[in-house]
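User: I'm new to this one, so let's go through it step by step. Could you show it to me first?
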Amino acid sequence: MTTNLPIYMDNAATTPLDPRVLDAMLPYFVDKPGNAASRSHSFGWEAEAAVENARKQVARLIGASSEKEIVFTSGATESDNLAIKGVAGFYKSKGNHIITCKTEHKAVLDTCKRLERTGYEVTYLQPDAQGRVTAEQVRDAITDKTILVTLMLANNEIGTVHPIGEIGAVTRERGVIFHCDAVQGVGKVEFDVEAMKVDLASISAHKMHGPKGVGALYVRRSRPRVRLVAEIDGGGHERGVRSGTLNVPAIVGFGKACELAYDEWREDAKRVHALRERLRKYLFEHLEEVHLNGADDPNRLPGNLNISFSFVEGEAMLMAIKDVAVSSGSACTSASLEPSYVLRALGVDEELAHSSIRFSLSKFNTEDEVDYVGKLVVEQCQRLRDMSPLYEMHKEGIDIKSIEWAAH
Amino acid sequence: MAYSDKVIEHYEKPRNVGTLDKEDDTVGTGLVGAPACGDVMRLQIQVDPETEVVKDAKFKTFGCGSAIASSSLVTEWVKGRTLDEVMALKNSQIVEELNLPPVKIHCSVLAEDAVKSAIADFRRKQAERRGDKAGSE
């Protein structure tokens, strides 16, 4: 069987739409064009009903007790901003301290940085070498000024899953609001806002085979009732928390994606995990000096494989496997010319951070694709090592760390 | 990163990958960059001590596509030239030839450094061979 190229293995960046999601969305572009806020005609009622149905689908996936707790947004970046700035604004009189982690997404970190400039204090927890923080660390960091803990369910680069349930127990006991950026983990690992005592949760449709440009913020309505200062003012949509005409087709697609995930995620996760393990085993069996970044199962997303190929720079590897879409923690792939801040926070050597490749698989990847990619990566890694002076030194038994390299 | 065809060509078919005997006193070795910065280039030249013409050049590079392409290009350029000609090489010529984007200019700087460092190594060895303690560095 021939493998179709190019192969997509960058599902942590975004996922292809499930065709069933597209089918659900299509009627809402032309045949059902209503604005969900139009109360005076059937087009509006139809759109509103579709949105409310989607709200139920989203709520059910994350275990929310009511669909009224779902606020639709443009995506997870907006949800993170709304959650963090919204809590900071509303509970200002209660305190000014926020707890997060060094490996959070930039939508969280940059939001926290902005708040720091306006008088808030932020604690950035240090994760362990696998990228995890513990409930004890959170407990120790809470002060009487703490108003919010914001931690991700699963990391986008290394796939490490935090012990959200244990952390939720601590925040609930201490009466601190708990926001969870659940974008990468929902529909891939267990996530239940009731069981895990999460008060706010960000999710995004396009990471789970839904459309881009739509997401949600779960906002707990009772015990505790979480209040937010709105970011966007306007027509008072979404109970005044997020004004702006609802993107009905996208929301319908989001709802459908959540419904599919609810019904199928366990089975999908099992299959995706098997594919990832097939790739991991192949690479580790055929290459020396490869290092897994992040955590071991079960504290790792089923589809995430982040590997450093020693002596080979990440971007050169990306070019070498150009028919395969993956990403790298190499500086050369970032605008900042700094290697991955996530890997550096874990204490990964800078050289290894430059050499890291993230494969992120989805339910649409196949065994044939995995086998093709495994073979290609091994071949190209060997080719690049054969032209790497570091590999030659390694072979000669020279310790690369013993050399005094000139910075440039 | 959108690369020029020339970068891709050199990256896919790099010229003169390999190793010369670094103990040979007609071989100059330049090792520049740092693993932590994501690029290390090793450029070696074999020079005729009488005519100072570069007879052979080899490289190995740990780095991105344009670092590999820059070093490959430089090995082609130096071969058959005298050391004085090679010393006149400027990184801007590499940038121009490979059409490197601004964020990749440091790759060409590194290649220029590697060449100069290889020449310095060759001259130091030659000076030592002649027992000339005031040899050039």
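User: What percentage of the 137 residues of chain B count as buried?
Analyst: This is a predicted model, where local features need pLDDT of at least 70, side-chain atom pairs count only at pLDDT 80 or more, and totals for chains, interfaces and linings use all residues. Residues are numbered from 1 along each chain as its sequence is written, while chains are lettered from A and ligands numbered from 1 in the order in which they are written. A residue is buried if 20 or more other C-beta atoms lie within 10 Å of its own, exposed if 12 or fewer, and partly exposed in between, with C-beta atoms placed from the backbone. By that count, the buried share of the 137 residues of chain B is 45%.

User: And what percentage of the 408 residues in chain A is buried?
Analyst: Same kind of count, just applied to chain A. Of the 408 residues there, the buried ones make up 52%.

User: In what order do the elements of chain B run from the N terminus on?
Analyst: Helices (H or I, at least four residues) and strands (E, at least two) are DSSP runs, numbered from the N terminus. Chain B has five helices and three strands. Read from the N terminus on, they go α-β-β-β-α-α-α-α.

User: What is the radius of gyration of chain B, and what does the globule rule give for 137 residues?
Analyst: The radius of gyration is taken over C-alpha atoms, and the globule rule is 2.2 Å times the number of residues to the power 0.38. Chain B is as compact as a globular protein of that length, because its radius is close to what the rule gives for 137 residues. Along its principal axes, the C-alpha trace of chain B spans about 50 × 30 × 25 Å. The radius of gyration is 15 Å and the rule gives 14 Å.

User: Where in chain B is confidence highest?
Analyst: pLDDT is the predictor's confidence in each residue, from 0 to 100. The mean pLDDT of chain B is 93, and 95% of its residues reach 70 or more. Confidence is lowest in helix α1 (residues 5-12) of chain B, at a mean of 94. The highest, at 98, belongs to strand β3 (residues 54-62) of chain B.

User: Which element gives the most to the side of chain B that touches chain A?
Analyst: Two residues are in contact if their C-beta atoms, placed from the backbone, lie within 7 Å. The contact takes 25 residues from chain B and 23 residues from chain A. On chain B, the elements giving two or more residues to that side are β1 (27-34), β2 (39-47), β3 and α2 (65-78) of chain B. With four residues, the one that gives the most is β1(B).

User: Why can we say that the buried residues of α1(B) line one face of the helix?
Analyst: The buried residues in α1(B) are Val7(B), His10(B) and Tyr11(B). They line one face because, seen down the axis of α1(B), they fall within a narrow enough arc, taken from the directions from the helix axis to the C-beta atoms. That arc is 100 degrees.

User: Which elements do those buried residues of α1(B) pack against?
Analyst: The packing partners come from both chains. Chain B supplies α2 and α4 (91-98), and chain A supplies α8 (314-320).

User: How many residues of strand β13 (residues 356-360) of chain A are buried?
Analyst: Ser356(A), Arg358(A) and Ser360(A) point one way from β13(A), Ile357(A) and Phe359(A) point the other way, and all are buried. The strand is therefore largely enclosed by the rest of the structure. The count is five of the five.

User: Over how many bridges do strand β10 (residues 304-309) of chain A and β13(A) pair?
Analyst: Two strands pair if DSSP finds at least two bridges between them. Within this pair, Ile307(A) stands opposite Ile357(A) in β13(A). The sense is antiparallel, and the number of bridges is five.

User: Which residue in β8(A) is the bridge partner of Ile70(A)?
Analyst: β2(A) and strand β8 (residues 215-219) of chain A pair in the antiparallel sense over four bridges. In strand β2 (residues 70-73) of chain A, Ile70(A) and Phe72(A) are on one side and Val71(A) and Thr73(A) on the other, all buried. The partner of Ile70(A) in β8(A) is Tyr218(A).

User: How many C-beta neighbours does Leu260(A) have inside 10 Å?
Analyst: Leu260(A) lies in helix α7 (residues 248-286) of chain A. Leaving aside its neighbours within four places in sequence, Leu260(A) is in contact with Asp18(A) and Arg20(A). Leu260(A) counts as buried because of its C-beta neighbours inside 10 Å, which number 22.
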